[in-house]
Amino acid sequence: MNKRVIEKLEFDKIRERLAEQAASAEARRLCMETLPLSSADEIEYRLQRVADAVDRIFKDGSVPFGGLKDVRQSVLSTEREFVLAAGELMDIASTLEAVETIKNYGLKDRFETDPDSLSDDFDCLAPMSRVAGEIRRCIISEEEIADDASPRLKSIRRSIRIAQDRIRSDLGSMVQGTYASYLMEPVITQRGGRFVIPVRSEYKNQVPGMVHDTSSTGSTIFIEPASAVRLNNEIREQQIAEKEEIHAILKQLSAGVAEGSEQIIADIDIAVGLDHIFACAKLALDMKAFRPVFSDDLSFDLKDARHPLIDEKKAVPISLYLGREFDQLIITGPNTGGKTVTLKTAGLLEIMGLSGLFIPAAEGSRLGLFKEIYADIGDEQSIEQSLSTFSAHMANIVDILKKCDKGSLCLFDELGAGTDPEEGAALAISILNFMHIRGIRAMATTHYSELKMYALDTKGVENACCEFDVETLSPTYHLLIGVPGRSNAFAISKKLGLPGYVIEEAERRMDESDREFESVVGRLDDARQELEKLQVEADTERHTAASLRQELDETQEKLRKERDRIIEKAKREAADILADAKLQADAVLRDINKYGRSTDREGVKKLEADRAMLRRGMERHDTAGEQRPKSAGIDPGQIKAGMEVEIVSTGFKGMVTTLPDSRGNLSVQCGIINYKTNVNDLVPTVIDKPSGTKGSITRTSHLSHAQTMSSELNIIGLTVDEGIARLTDYLDDAYMSHMSEVRIVHGKGTGKLRDAVARELKKIKYVKSYRAGEYGEGDAGVTIVKLG
């Protein structure tokens, strides 16, 4: 990629932001050298690695690259038997420890997740923990080697400390006693690594020994007493031995580094590469960017793209495409309206994607595999070369035309500007047409109406504009493709207060064709705005309808669950009543068998007790209705045998089998169960007969009349909602009437009603199975349902 476009599209600033995400100096260098890759395979491989890095950051957090340093030169020098300094060895230890930390990060969840494109990198890391541990054991800091680095070093330093204690003791006695009156001050100091005492210059001959230094004033002479020479010599010898031993220790540690130099360098290469990839991933997260998709036909389709160098809160996303429906795009609009930013966004995102970086655009955005990108953007004026703005732009355009080919993307800002408008427009059209004939993708911004007409008249060339709000006199920064830019000069001037007669005079001075063109563009723009308004209203209505539909579905589901709960409760209560009645009946039968023909008093008393127990049980059930709130009631005189009624407290429907007694108690046959109830718990009703015609749909009984319950339900002609409502009520009645199999007739038609029936049957717990009708049963127009 040419350096000029890197500069013009500000890719350097993207690389700087990328480098800020890297931890190591070497990775930062790689970030600053990031450039578009040469092949599609390389690009896809880089993007996949970045995608995997993003996934790992989401799952395990960022990789701890701290401590990683580029010590490869130091490591290579050990292969030539160089002895490294303590600081260099500490840097190597820090790097080896960082490699171990990175390795451990890569091992997280290793056996719980599938390997990705980074797994091999982590697996290939082989931290030299032993070498790092030995360096840390021996070296405390760049200036200090540990006493325990070797037994000999420990012994030498002990001897030095003993000799220093002895000489301090001897000199101390001299300072406090024999030579006290000759000293400038009673202290022991060092000169040139040897212990001395400060003697007044006038007494220097009174203290036998070697003179090592003199104060700046000459009043103090630093003398090593003769008695201290031997101990000072001993200390000096031990210090020389200490240096030799430290050198030997450093040599040994350097040799250990040399043994694993190949692996250490390989680990550093891998770690630096991972640091670079994870920097790309962190930049993607920082920009809220997504992985682009690349097409093979040199086209791009950016959705909700943002310029990465503009504050995300201020940037207006744009959707932009080129290369399939048309290969040239002419963008018009007001100054500062976003035309240049649109060009830069397209070019910069292309370079980012080609470099293996995610782009700040919506997921699914597509880029083209352009071999080269050329841009003529900004002020090209050169005082040094005596070039005007127009000449500088034209020199650059000439260079672009020489180099561009079908695999190039060319970006022109204000093409043909800076000279006579008529000539500039003609030149711009000729340049674009030259590229259009050769199939070269190009985008250009302009103010010339002639270029709008060129786009309208030329196949494969499309207009676009940056929207402008005349009411607020400000651009909206929205890009509208397929719409030529509307000249707002007159509208803006009028808004700012220019007299109307001046504007009218200006309009008269325009060519008739220009006025007609602007008028057509204006009408198109008004129509577009009206369509957009209608589209927004339609979207709002659609969302509202979807929300209401969801609420309806949720309500129906709640009702279905409540119905199932009531049925289950009724079944449990009925089962308890039957179980209690069975126990009582069994006990009575045993007594009847035992005492039925007995004449003794005990047997008769037992049978009387059984009869009383049964009567109490019947009365308990008979008076249950009286204990409930009387929300209904029928005049006993209106009740006749065979009358169809509903028991309000249970919701069951049935037929009166006995007339009410003096207390209003009577029997109602509900399916196979004969209920004892009271007239105050009844309301008159009519049991719905299955019907195939449309009409009002009333709630059918939970327990229908067994004799009149049909084994077939016909819902042909009903809507889906009507049919499902009738189906659920019918199946409840059939199940409570102990029917084992029923037939649902829904017809074939479009299949919507049949599919709705199948979906509803899946939800009902007591539906044992269902199937489509076979030949002779109604085929696909019928569903056979088994209950149980």
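**A sheet, two helices and an enclosed space**

Let's begin with helix 9, residues 151-176, which lies across strand 4 (194-200) and strand 6 and runs at about 10° to strand 4. Helix 10, made of residues 229-259, packs on the sheet as well, where it touches strand 4, strand 5 and strand 6. The direction of helix 10 makes about 145° with that of strand 4. Keep in mind as you look around that this is a predicted model.

Now for the sheet itself. Its 4 strands follow the order 3-4-6-5, with antiparallel pairing, and the sheet is open. At the edges you will find strand 3 (189-191) and strand 5 (209-214), each of which pairs on one side only. If you step from strand to strand, neighbours are turned by 50° against each other on average, leaving direction aside.

Take a moment with one pair in this sheet. Strand 5 and strand 6, the latter spanning residues 220-225, are joined in the antiparallel sense over 5 bridges. Here Met 210 has Glu 224 of strand 6 standing opposite.

Next, let's turn to empty space inside the model. Searching the whole structure turns up 3 cavities of 30 Å³ or more. The second largest of them has a volume of about 50 Å³. Which element gives the largest share of the lining of this second largest cavity? That is helix 13, residues 389-403, with 4 residues. Among the residues lining the cavity are Phe 390, His 393, Met 394 and Ile 397, along with Asp 376 and Asp 413. Sorted by class, the lining holds 5 nonpolar, 2 polar and 3 charged residues.

How values were computed
Residues numbered from 1 in each chain as written. Predicted model: local features only at pLDDT ≥ 70, side-chain atom pairs only at ≥ 80, totals over all residues. Heavy atoms only, no water. Pairing = 2+ DSSP bridges. Helix = DSSP H or I, 4+ residues; strand = E, 2+ residues; numbered from the N terminus. Axes fitted to C-alpha atoms, helices over the stretch in contact; angles between N-to-C directions. Contact = heavy atoms within 4.5 Å. 1 Å grid on protein atoms, 1.4 Å probe; cavity = no way out; pocket = protein on both sides within 12 Å on 5 of 7 lines; lining within 4 Å. Points joined across faces, edges and corners; volume = space filled by probe spheres on them. Nonpolar A, V, L, I, M, F, W, Y, C, P; charged D, E, K, R; others polar.
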